[in-house]
Amino acid sequence: MERQDPLLALGRLDGRLTHSPARTAWSIRARFEGAAIAACNAGAPTDANAIEAWIAGSGSPPRASEGLNDPLGVAAIIHYFFASLEPGTGNRDRQVRRLLRGLFDSEAEASTWSGADLVHYGPLWRGLRAIAEERGLEPSVGSIAERLAQMARLITRAADHSELFATLPDGRAIRFGRDYPRAWLVMAMVPVLLQRSGLSANLLPSLVPRHKFLCSSIAEWCDLLTECLSRQAPAAALALEGFEREMAQLKDRYRRTSRSRLTDAAELRIALPSITRNKLAIAVNATPAGAGYLMRQLER
């Protein structure tokens, strides 16, 4: 995609999302996109479709079988990325969080599939989140770059130890080398920093820089952010436009009533096309049988 002015591209996406009828669906999908970028940055490549299928109940955890040599588990990456978005403000953000929590307990899944990674990354992630929540951010790329550089210094200090040791709940001792990936955690903080700084009114989860390494200066962080906004914000705006077209078609096909959940189910399937009957029942507060009826109606 052609490179655009970063702040203009960000403003167009943010402004359109504020009043978009597809905001909830886009926000859900954007979380999957951001989590997939974070996983690729961490050296455990996956895509948003694999994450969506897992959360929707129709797939296994991404890379559960072929990712035995990955530096860390995708489940831990998804948990920490979702947790990094928690400070996001706004009613829609809270609604999306409640919906996804009902469908998917990221911490429990990470404990099952990536327990050692939770032990290792927990203290470092909490330190980075504390830096992200500090006051003083200004609505500028430079201010966010300074905050990212501060996070990078914490990462560097944490990597000064030749080896780290930890003990799992079952008593096993684990060891982590200096080359264990950490930079992905800093990249994952960018969406919430954009909102906290005031550069975006909305939480934009898919705007995670595609970069595996720490930058060495504030100027490099500025360049990385500029590149991210210039290329990824326009792509996110196109995705939002596509969701809006799908929503417009739903309004022609289904009529919303006070009792029918068909429109709600149809809107949810835009973001979660792989959702199973049981997961749909949770999302729309219906019985499994009622969810099955809704799915049959949607597939007619």
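Here is a short tour of some aromatic pairs and one exposed aspartate in this predicted model.

**Stop one: Tyr 80 and Trp 125.** The structure holds four aromatic pairs, and we'll visit two of them. Select Tyr 80 and Trp 125 and show their side chains: the two rings make a tilted pair, with 5.6 Å centre to centre and 40° between the planes. Now colour the helices. Tyr 80 sits in helix H4 (residues 74-84) and Trp 125 in helix H6 (residues 106-132), so you're looking at a link between distant parts of the chain, 45 residues apart. Switch on a surface and check both partners. Tyr 80 has 5% relative accessibility, so it counts as buried. Trp 125 comes out at 9%, which also makes it buried.

**Stop two: Tyr 121 and Trp 184.** Stay on helix H6 and pick Tyr 121, then add Trp 184 from helix H8 (residues 183-188). How are these two rings arranged? Their centres are 5.5 Å apart and the planes meet at 70°; anything over 60 counts as edge-to-face, so that's the label here. This pair ties together parts that are 63 residues apart in sequence. As for burial, both Tyr 121 and Trp 184 are buried.

**Stop three: Asp 223.** Jump to helix H10 (residues 218-253) and select Asp 223. Is this residue buried or exposed? Its relative accessibility is 54%, and the cut-off for exposed is over 50%, so Asp 223 counts as exposed. Before you leave, add Val 141 and draw a C-alpha to C-alpha distance: it should read 9.2 Å, although Asp 223 and Val 141 are 82 residues apart in sequence.

Terms used:
Residues numbered from 1 in each chain as written. Predicted model: local features only at pLDDT ≥ 70, side-chain atom pairs only at ≥ 80, totals over all residues. Heavy atoms only, no water. Helix = DSSP H or I, 4+ residues; strand = E, 2+ residues; numbered from the N terminus. Buried < 20%, exposed > 50% of the residue type's maximum accessible area, 1.4 Å probe, protein only. Phe/Tyr/Trp six-rings, centres within 6.5 Å; stacked < 30°, edge-to-face > 60°.
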